[in-house]
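Hi,

Here is the structure I promised to send over. Have a look at it first, and my notes follow underneath.

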Amino acid sequence: MSNIADELFGVVPIIPTPFTENEDIDENALRDLIDFAIAGGIKAVCLPAYASEFYKLTDEEKLRVIKVAVDHAAGRIKIVAQSNHPSLKIAIRLAQANVQAGADVISLAVPRIFSLPENSLKEYLSEFLQSIPNTPVLIQDFNPGGSSISVSFIKNLMDENPNFKYLKLEEPLCAPKFDDIIKTTDDKIGLFEGWGGLYMLELIPIGIRGVMPGLAVADILQKVFELRKNGENKKAFELFEKVMPQIFFSLQNMELFHYAEKELLIARGVLSNSIARKAAYIPDASSISYIKELNQNVIDLLQDEKYGLTPLEANVSK
């Protein structure tokens, strides 16, 4: 049995999917990414999510990356297994297979390919939750075209499904909604902020449980999270401001994020390439140059003894 605390808390980064030159999944590189998270003091990771290019993986590949991650983690870190699919039947199959593989938490994105009324989403999510009743579930709602699920919807879903434990939302101007969710659910749903952690300093005082950003800056954001939680606000803002330009620029486009994230992991000595499966964003020369500059600023930050951060590439076993 693992001695890791039961509850998800703090920074839970998304593990990107590393690829070889011919766009096959690089399982050895995936193991290095797990080691990198562990070396950074991270207690849980999530994959394959949007930042893992889950939408470019076959169902078999989605299951495979979870199996590799669980086996390599060997209880050293929690594995949150994203089991996304617009078909409820297939999402359930993925989730049950991931539970069987040993995942600690199952995550599911609300299906947002087309607009659906909340009663349709309620049926989808309820049946999913009921299919794995003994496993904690994190529901993600990323809805660029509109609002996320309502507070009353969240409360009803929680009341009817005891394994609905966590909720990840990623939308601007969300502080009042997060506050309402915490009060309405008596803080029984652990709230996580996505979107690279861009709004974390606003939301930590409200009571969010954690943040789910990219892996490449996870250890830095974990430090920011701890500083803010401990009331060391000036230090938290100063450190966050150093890394925010890289996060903000990369999030302009999800496919650009894949490139910037993997380039930063190369700079940190973890990955050997920044290949994303096609169709992929092809950055122009100025963007490539600027991303290198932003990433170098992150590397310089890690070298600055003032912030007490540790470059992690030496801790990763090749």
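What kind of unit do β2, helix α2 and β3 make? Keep in mind that this is a predicted model. Together, strand β2, helix α2 (residues 59–73) and strand β3 make a β-α-β unit, and it is right-handed.

The two strands of that unit also pair with each other: β2 and β3 (residues 78–82) run in the parallel sense, with four bridges between them. One residue to click on is Cys46, whose bridge partner in β3 is Val80. Cys46 points the same way from β2 (residues 44–47) as Ala44, while Val45 and Leu47 point the other way. Whichever way they point, all of these β2 residues are buried.

Now for the aromatics. Searching the whole structure turns up seven aromatic pairs. In one of them, Tyr50 meets Phe54 edge-to-face, at 5.0 Å centre to centre and with 85 degrees between the planes. Phe54 counts as buried because its relative accessibility is 11%, and the cut-off for that is under 20%.

Tyr50 also pairs with Phe142, again edge-to-face, with 5.3 Å centre to centre and 75 degrees between the planes. That pair links distant parts of the chain: Tyr50 is in the loop between β2 and α2, Phe142 is in the loop between β5 (137–141) and α5 (151–160), and they are 92 residues apart. Phe142 has a relative accessible area of 16%, so it is buried too.

Zoom out a bit and you get one aromatic cluster, formed by Tyr50, Phe54, Tyr55, Phe142 and Trp195.

Cheers

How values were computed. Residues are numbered from 1 along each chain as its sequence is written. This is a predicted model: local features need pLDDT of at least 70, side-chain atom pairs count only at pLDDT 80 or more; totals for chains, interfaces and linings use all residues. Side-chain values use heavy atoms; hydrogens and water are left out. Buried means under 20% relative accessible area, exposed over 50%, partly exposed in between (1.4 Å probe, protein chains only). Two strands pair if DSSP finds at least two bridges between them. A crossover is right-handed if, with the strands pointing away from the viewer, the path from the first strand over the helix to the second runs clockwise. Rings of Phe, Tyr and Trp (its six-membered ring) pair if their centres lie within 6.5 Å; planes under 30 degrees apart count as stacked, over 60 as edge-to-face and the rest as tilted.
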